[in-house]
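Got a minute to go through a model with me? I have a few things to ask about how it is put together.

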Amino acid sequence: MNVALAASGLGKRYGSTWALQDCDLLLPTGAVIALVGPNGAGKTTLLQLAAGLIRPSTGTVALLDELAPDRSPRALAQLGYVAQDHPLYRRFRVRELLHLGRSLNERWDQALAERRLAELGIPMDRHAGRLSGGEQAQLALTLALAKSPRLLILDEPVASLDPLARREFMQQLMGTVADGDLTVLLSSHNVGELERVCDHLVLVADGRVQLAGDIETLLDSHRMVTGPGAEVPDWPGVVHVDQADRHAHVLTRIDSASPMPGWEPHPVGLEELVLAYLKRSQDDSRPAYEQAAKP
Ligand SMILES: Nc1ncnc2c1ncn2[C@@H]1O[C@H](COP(=O)(O)OP(=O)(O)OP(=O)(O)O)[C@@H](O)[C@H]1O
């Protein structure tokens, strides 16, 4: 696997609060990687650490080849980052922001920027501060795409977009990744939407990585198993148990689910899987589940 991001023992502490701790990750290149987790889980912290905007308190984070050894201007030119509040120079007109982007970035794709903004109906002579919230988000995303980065880090990129715009943007991301050597790491709360678009998942809760891996592999390696509600299963692979309608619905790893007589396994969806791990992290403080990529 070509590695886009490698984190080892990565942690960030603010005073006595650990925003992120013990984070070990290997993320592949050429993928759309979803970072999910509840509010305050540590997603933004992880993205800021990856982008080099904050320094780790513990451990290390390295990015793909040229980006790894230093954060020189040449290396940073290959990294795109759009923060959650997509900050822009509000007094600049759209065309001035494009001019700035073109002046600062060797790999700038002016045609892409102009085409995308025209499709979105965003006027070139409007001041960025006068655009609607969704238009500002679209402008920030356009500037990041036009930079032609090799690694694009997006913090909740579609949160302020309408449903159609969200879908179109995610499809465009998929297309861009499929066409070239782009890797996208994005955080989102909309798990349903991610299943169609993302290849890889990182789930963070309570400042720790709870689950990480290729989405197809993760779904293949888990089942929802339904059985008699009176029995509370205690198999080693159990992630979470929901008891309802005199039945128990157990989300479990597949290796421990198959040999259970009287219990019926069903495939799981991404949302079900994510919710089970989130509920587990709320319920108890069992150690984080090992990365699915490991044997
Ligand atoms: N600059 C800071 N100073 C102090 N605490 C911080 C700082 N930045 C983040 N934190 C804390 O670290 C934890 C993780 O925050 P982070 O912003 O990474 O979460 P998040 O998963 O991105 O949340 P959300 O989904 O709400 O955006 C939170 O408890 C937050 O209060």
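Below are some questions and answers on this predicted model.

Me: Which helix gives the most to the shell around the ligand?

Reply: Two elements, strand 2 (17–28) and helix 1 (43–51), each supply at least two residues of that shell. With three residues, the one that gives the most is helix 1.

Me: And by class, how many residues of the shell around the ligand are charged?
Reply: The residues around the ligand include Gly37, Asn39, Gly40, Lys43, Thr44 and Thr45. By class, three are nonpolar and seven are polar, and the number of charged ones is one.

Me: Which strands stand at the edges of the open four-stranded sheet?
Reply: The sheet has the order 11-12-10-13, with antiparallel pairing. An edge strand has a single partner strand, so one side is left without a neighbour in the sheet; that holds for strand 11 (238–244) and strand 13 (264–267).

Me: What is the bridge partner of Met224 in strand 12?
Reply: Strand 10 (residues 222–228) and strand 12 (residues 247–253) run antiparallel, joined by seven bridges. Within strand 12, Met224 is partnered by Leu251.

Me: At what angle does helix 10 run to strand 11?
Reply: Helix 10 has buried residues, among them Leu270, Val274 and Tyr277. The helix lies across strand 10, strand 11 and strand 12, and its angle to strand 11 is about 95°.

Me: How far apart are the end C-alpha atoms of helix 10?
Reply: Helix 10 has 14 residues (270–283), so at 1.5 Å a residue it should span 20 Å. The model agrees, with the end C-alpha atoms apart by 20 Å.

Notes:
Residues are numbered from 1 along each chain as its sequence is written. This is a predicted model: local features need pLDDT of at least 70, side-chain atom pairs count only at pLDDT 80 or more; totals for chains, interfaces and linings use all residues. The expected span of a helix is 1.5 Å times one less than its number of residues. A residue is buried if 20 or more other C-beta atoms lie within 10 Å of its own, exposed if 12 or fewer, and partly exposed in between; C-beta atoms are placed from the backbone. A residue is near a molecule or strand if its C-beta atom, placed from the backbone, lies within 6 Å of it. Ala, Val, Leu, Ile, Met, Phe, Trp, Tyr, Cys and Pro count as nonpolar, Asp, Glu, Lys and Arg as charged, and the others, Gly among them, as polar. Two strands pair if DSSP finds at least two bridges between them. Two residues are in contact if their C-beta atoms, placed from the backbone, lie within 7 Å. Axes are lines fitted to C-alpha atoms, for helices over the stretch in contact, and angles run from 0 to 180 degrees between N-to-C directions.
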